[in-house]
Amino acid sequence: MIQFILNNQTIKTSLPSGSTVLDFVRYHKRLMGTKIGCREGDCGACNILVGSFENLPAGRQEETLVYRSMTSCLMPLGNAQGKHIVTVEGINGKELSPVQQAMVDTNGTQCGFCTLGFVMSLTGFVINETTTSYNDAIRSIDGNICRCTGYKSIERAAKILSDKLAEKPGTSTTQWLVKNNFIPGYFLKIKERLLQLRTESEKDKPRANGKLILGGGTDLIVQQHSQVKRSATDHFFDNENLKGIALEGNKCVIGASVTVTEFAESPVIQNIFPYLEKYIKLVSSTPIRNMATMAGNLVNASPIGDMTIFFLGLNAEIVLSNGENRRIIFLKDFYKGYKQLDKESNEFIEKIVFTKPSAAAVFNFEKVCKRTWLDIASVNSACLIEADKNSIIKSIHLSAGGVAPYPKYLSNTVAFLKGKKIDPGTLREAIQIMNDEIAPISDARGTKEYKTLLLRQLFIAHINETTNSRELTKQILLGA
Ligand SMILES: Cc1cc2nc3c(=O)[nH]c(=O)nc-3n(C[C@H](O)[C@H](O)[C@H](O)COP(=O)(O)OP(=O)(O)OC[C@H]3O[C@@H](n4cnc5c(N)ncnc54)[C@H](O)[C@@H]3O)c2cc1C
Ligand code: FES
Ligand code: FES
């Protein structure tokens with residue numbers, strides 16, 4: 001039995017836990033405000049808000065009820081357990097809310113098909129305790145597509161809302177939001193009601209018992225929507241044993257079900273990677289990042305998975321468990337061929353572990369897509385280099401996506417570069433070795449020649465970040 005609150009109604013349902021929240025709200029609850037656009041997480045027409053308890057903001061110990069936008073077309077019903085699911089009907093009052101009014105006042109809606117998705121994303125921005133700026137408002141709609149308006153009018157609506165939030169108090173925000181008509185009064189009682197719904201199941205030890213494991217569903221439900229609906233599913237998304245990010249000595253340990261958003265918001269991770277925001281902005285969109293888990297990205301084994309390439313560039317290890325025993329392997333050894341993994345059917349990923357880079361090391365992640373935002377990579381790459389004061393490479397790790405049937409750790413290039421001096425001749429030789437160990441194919445994301453060239457450019461970008469020397473870049477290119 002799955003239990004949650006849908007708008008102001010407590011739900012108990014035995015429907016398949018792998019069916020989607022979108023189908024539940026539209027076809028079982030007849031809440032037609034949530035639209036079906038792409039059913040692939042791309043358009044945001046089906047966006048809802050999902051409220052659950054989190055330890056936020058950073059450093060605060062008590063749990064806060066946090067609302068995140070998610071694409072209901074990819075959200076498994078089982079992941080709604082214990083949460084507050086809010087559709088557009090759940091924010092409707094007697095009058096338009098300030099978000100809805102701002103969309104009207106700025107002509108932010110024309111055919112209207114996308115509008116409810118935008119309204120939900122912007123309401124998520126308004127409700128969130130940690131976001132108030134215009135840039136935050138714009139970021140909140142990075143997963144919404146509109147074919148009619150050209151976006152400028154919607155940006156103006158976002159501006160009106162961020163201006164209004166200047167008056168929002170730091171505490172008792174829910175009361176303020178209710179008083180100002182952003183959300184209906186029933187929101188004041190949701191925290192209490194959710195606490196009553198809590199079950200012990202979140203603490204259950206995870207197991208791979210032959211059921212289909214689901215993280216956020218953002219890969220599996222896109223690829224196998226009907227099959228997931230028919231299958232018995234194990235929901236790892238909220239399992240407390242698979243959550244958390246911690247520094248243990250010089251090892252950074254990340255739970256398998258940590259989402260991309262949780263990773264991006266973690267003070268531990270932000271402290272290690274000063275340019276984290278720049279990298280994460282390139283990964284999917286806000287609603288998808290709110291759902292996408294680390295393990296989901298690794299197990300999907302897409303040759304261009306961004307978090308996979310990120311962790312390969314750190315030479316991360318993964319902890320595999322069958323519920324009784326564990327084994328630890330390097331992520332680079334996890335991939336055996338196209339979608340072939342070193343993983344038994346009764347094993348699951350429990351943790352991802354990497355050594356915290358030393359202060360002298362430079363990490364860089366690069367991604368090139370056909371579109372800058374909300375697109376999968378043509379080629380992506382990550383690199384961690386530590387060189388001494390004489391520019392001798394003491395240690396290096398280098399990964400590349402989109403240039404092989406699986407996410408690639410460039411072992412030969414790494415072995416060649418270790419102990420070498422960073423100079424144009426060595427780097428040109430390294431590029432040659434790199435070209436010999438990749439096998440890109442021509443497809444919709446570019447020809448194999450283009451991808452080879454891209455990887456060379458990304459490698460030079462890594463070197464540029466490490467040395468900060470444009471002159472060196474010029475010399476590599478002139479001689480290449
Ligand atoms: C619109 C859209 C945009 C996207 N953009 C990007 C992008 O820019 N970059 C990118 O890299 N990806 C992108 N993705 C892909 C996807 O979001 C990521 O791969 C995500 O990390 C998958 O995680 P999940 O939890 O949703 O996986 P799920 O779909 O839940 O699961 C994926 C696979 O992992 C398995 N699994 C999950 N957890 C475990 C575990 N602990 N142990 C063993 N197996 C497990 C599942 O059984 C399944 O086989 C995008 C997807 C969508 C829909
Ligand atoms: S229908 Fe397009 S994101 Fe869900
Ligand atoms: S108003 Fe028509 S798609 Fe946005």
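The expected span of a helix is 1.5 Å times one less than its number of residues. In this predicted model, helix α5, which runs over residues 152–164, offers a convenient test of that rule. With 13 residues, α5 reaches 19 Å from its first C-alpha to its last, close to the 18 Å expected. The buried residues of this helix are I154, A157, A158, L161 and S162. They lie on the same side of α5, because the arc that they cover around the axis is only 135 degrees. On the face turned away from this buried side, α5 carries the exposed residues K152 and D163. The partners of the buried residues of α5 are three helices: α2 (98–105), α3 (115–127) and α4 (134–140).

Moving from a single helix to the whole chain, the domain assignment gives domain 1, residues 2–202, and domain 2, residues 243–479. The centres of the two domains, taken over C-alpha atoms, are separated by 33 Å. Their contact draws 14 residues from domain 1 and nine residues from domain 2. On the domain 1 side, β4 (64–71) and α4 each supply at least two residues. Strand β4 makes the largest share of that side, with four residues. Sorted by class, the side of domain 1 that touches domain 2 has seven polar, four nonpolar and three charged residues. Helix α4 thus appears in two settings: it packs against the buried residues of α5, and it contributes to the side of domain 1 that touches domain 2.

The two domains also come together around the ligand. Ligand 1 is surrounded by 32 residues, the closest being G41, G215, G216, G296 and N297. Two or more residues of this shell come from each of β6 (212–214), α8 (220–223), α14 (294–300), α15 (306–312) and β14 (348–355). Helix α14 gives the largest share, five residues. In terms of class, 17 residues of the shell are nonpolar, eleven are polar and four are charged. Domain 1 and domain 2 each provide at least three residues of the shell.

Strand β14, one of the elements in the ligand shell, is a useful point from which to look at V253. This residue lies in strand β9, residues 251–255. V253 has 17 C-beta neighbours inside 10 Å, and therefore counts as partly exposed. Leaving aside residues up to four places away in sequence, V253 touches A246, E248, K351 and V353. V253 and F354 are 101 residues apart in sequence, yet their C-alpha atoms are 6.9 Å apart in space.

Two backbone angles complete the picture. Most residues other than glycine have a negative phi. A301, although not a glycine, has a positive phi of about 60 degrees. This alanine sits in the loop between α14 and α15, two of the elements that contribute to the shell around ligand 1. A301 is buried, because 21 other C-beta atoms lie within 10 Å. S391 is a further residue other than glycine with a positive phi, near 65 degrees. Its position is in the loop between β16 (377–387) and β17 (393–401). S391 is partly exposed, as 15 other C-beta atoms lie within 10 Å.

Methods
Residues numbered from 1 in each chain as written. Chains lettered and ligands numbered in written order. Predicted model: local features only at pLDDT ≥ 70, side-chain atom pairs only at ≥ 80, totals over all residues. Near = placed C-beta within 6 Å. Nonpolar A, V, L, I, M, F, W, Y, C, P; charged D, E, K, R; others polar. Domains from an automatic or database assignment. Buried ≥ 20, exposed ≤ 12 C-beta atoms within 10 Å, placed from the backbone. Arc of directions from axis to C-beta. Contact = placed C-beta atoms within 7 Å.
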